[in-house]
Amino acid sequence: MSEASAAARAEPFEVRRLAEVRPLAARARRSSKYTREEVLAAIRRWADRYGEPPTMVDWEPARARRLGQHWRAERYEGGAWPTARMVSKKFASFNAAVQQAGLTPRRAPSRLRANLSDPSAVLDAIVEWTRRYGDVPTMADWDPARARRLEQDWRIARYRQGDWPSVRTVAHHFGSLAAAIEAAGLTPRARASQHADRRAERAANRHAVARLRAAGLTPGGSELAARLRDLSDARKAADPVAIHTALVDVAASALAWAETVGAEG
């Protein structure tokens with residue numbers, strides 16, 4: 001089974017986010033006039049930076065805030081972009097401008113997501129990613145634009161299957177992805193590590209995730225039996241992501257029970 005199809009079958013993950021964020025005090029100054037070519041160039045520049053063309057709500061910060069998507073408004077205000085109204089004045093529609101820029105328009109999101117609730121949400125996402133996929137995320141895993149440049153569309157499909165932080169968000173809170181992974185109690189990927197080293201790192205990270213999850217479980221036979229049923233269901237579905245996740249959960253449940261038995265002995 002391909003990575004893309006496995007990602008499509010995985011249960012979506014949603015990172016914890018704030019319900020509301022204060023508007024920025026300072027607004028980036030932007031030109032009140034754009035030519036048609038400048039609008040098209042801005043659309044392409046946005047797609048290069050964020051991995052996909054803008055929607056109308058991307059370039060309408062007031063509307064984004066009304067819909068509760070403050071992070072989208074802040075992203076727009078962090079640069080110099082035309083407004084959706086400017087685009088509509090130059091072209092028949094916003095999507096028509098995207099098409100003339102040589103890109104495929106996308107739907108505006110039906111569920112608008114607010115900013116991360118706090119840095120710990122990033123750490124939770126790193127642990128959850130490792131639980132599902134057996135390794136810590138890479139830059140390309142959480143940066144669709146980078147994945148597209150590397151022609152690794154399966155990474156984009158996997159990223160969009162859940163609600164994961166972006167590399168930019170991780171860097172904002174921790175300085176780098178590697179620093180965030182270490183803060184989560186896991187081992188980041190070494191740039192020049194050999195195959196055997198990577199296998200050891202992945203195994204260590206799986207064990208670490210199992211220990212982290214064991215700490216929050218109610219130990220006992222009922223918990224372990226439930227996790228074994230999850231594993232059986234995943235095997236019947238032939239879903240490799242679900243199988244890996246269930247195996248880690250079985251290990252966590254067994255470890256939690258073993259800790260209790262050991263303490264009683």
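Visitor: What makes the contact between Arg160 and Glu52 a salt bridge?

Guide: This is a predicted model, and in it the side chains of Arg160 and Glu52 meet at 2.8 Å, N to O. The cut-off is a Lys or Arg side-chain nitrogen within 4 Å of a carboxyl oxygen of Asp or Glu. The pair therefore counts as a salt bridge.

Visitor: Why is this pair said to tie parts of the chain together?

Guide: Arg160 lies in helix 9 (residues 153-160), and Glu52 lies in the loop between helix 2 and helix 3 (61-66). Those parts are 108 residues apart in sequence, so the pair links them.

Visitor: Are Arg160 and Glu52 buried or exposed, and how do you know?

Guide: Neither word fits. Buried means under 20% relative accessible area, and exposed means over 50%. Arg160 has 44% relative accessibility, so Arg160 counts as partly exposed. Glu52 has 22%, so Glu52 is partly exposed as well.

Visitor: How many salt bridges does a search of the whole structure find?

Guide: The search finds 15. One of them joins Arg131 and Glu128, at 2.8 Å, N to O. Both residues lie in helix 7 (residues 119-133), three residues apart, about one turn of the helix. An α-helix has 3.6 residues a turn, so residues three or four places apart point the same way. Arg131 and Glu128 are both buried.

Visitor: What makes the pair Asp135 and Arg189 a salt bridge, and where do the two residues lie?

Guide: The side chains of Asp135 and Arg189 meet at 3.0 Å, N to O. That falls within the 4 Å limit, so the name applies. Asp135 lies in the loop between helix 7 and helix 8 (144-149). Arg189 lies in the loop between helix 11 (177-183) and helix 12 (195-214). The parts tied together are 54 residues apart in sequence.

Visitor: Why is Asp135 called buried, while Arg189 is called partly exposed?

Guide: Asp135 has 7% relative accessibility, under the 20% limit, so Asp135 counts as buried. Arg189 has 36%, in between 20% and 50%, so Arg189 counts as partly exposed.

Visitor: Which residues are joined into one network by salt bridges that share partners?

Guide: Glu128, Arg131, Arg132, Arg213 and Asp249 form that network.

Visitor: Which residues gather in the patch of positive charge on the surface?

Guide: Arg36, Arg85, Lys89 and Lys90 do. Helix 5 (residues 84-90) gives the most, with three residues. Arg36 comes from helix 2 (residues 36-50).

Visitor: What makes Arg36 accessible enough for a patch?

Guide: A patch residue needs over 30% relative accessible area and no salt bridge. Arg36 has 39%, so the area condition is met. At that value Arg36 counts as partly exposed.

Visitor: Why is helix 4 described as mostly covered?

Guide: Helix 4 spans residues 70-77, and seven of its eight residues are buried. Buried means under 20% relative accessible area, so those seven fall below that limit. They are His70, Trp71, Arg72, Ala73, Arg75, Tyr76 and Glu77. They pack against helix 2, helix 3 and helix 10 (167-174).

Visitor: Which residues is Met56 in contact with, beyond its neighbours within four places in sequence?

Guide: Met56 is in contact with Arg63, Ala84, Ser88 and Phe94. Contact means heavy atoms within 4.5 Å. For Met56 and Phe94, the C-alpha atoms are 6.7 Å apart, and the residues are 38 apart in sequence. Met56 sits in the loop between helix 2 and helix 3. At 34% relative accessibility, Met56 counts as partly exposed.

Visitor: What is notable about the phi of Glu151 and of Ala238?

Guide: Most residues other than glycine have a negative phi. Glu151 has a positive phi of about 60 degrees. Ala238 also has a positive value, near 55 degrees.

Visitor: Where do Glu151 and Ala238 lie, and why is Glu151 called exposed?

Guide: Glu151 is in the loop between helix 8 and helix 9. Its relative accessibility is 71%, over the 50% limit, so Glu151 counts as exposed. Ala238 lies in the loop between helix 13 (221-237) and helix 14 (240-264). With 43%, Ala238 is partly exposed.

Visitor: How many helices and strands are there in the chain?

Guide: There are 14 helices and zero strands. Of the 265 residues, 43% count as buried.

Notes. Residues are numbered from 1 along each chain as its sequence is written. This is a predicted model: local features need pLDDT of at least 70, side-chain atom pairs count only at pLDDT 80 or more; totals for chains, interfaces and linings use all residues. Side-chain values use heavy atoms; hydrogens and water are left out. Patches are made of residues with over 30% relative accessible area and no salt bridge: like charges are joined within 9 Å, nonpolar side chains (Val, Leu, Ile, Met, Phe, Trp, Tyr) within 5 Å. Accessible areas come from the Shrake-Rupley method with a 1.4 Å probe; for residues, only the protein chains shown count as cover. Lys and Arg count as positive and Asp and Glu as negative; His and the chain ends are not counted. The place of a charge is taken as NZ of Lys, CZ of Arg, CG of Asp or CD of Glu. Helices (H or I, at least four residues) and strands (E, at least two) are DSSP runs, numbered from the N terminus. Buried means under 20% relative accessible area, exposed over 50%, partly exposed in between (1.4 Å probe, protein chains only).
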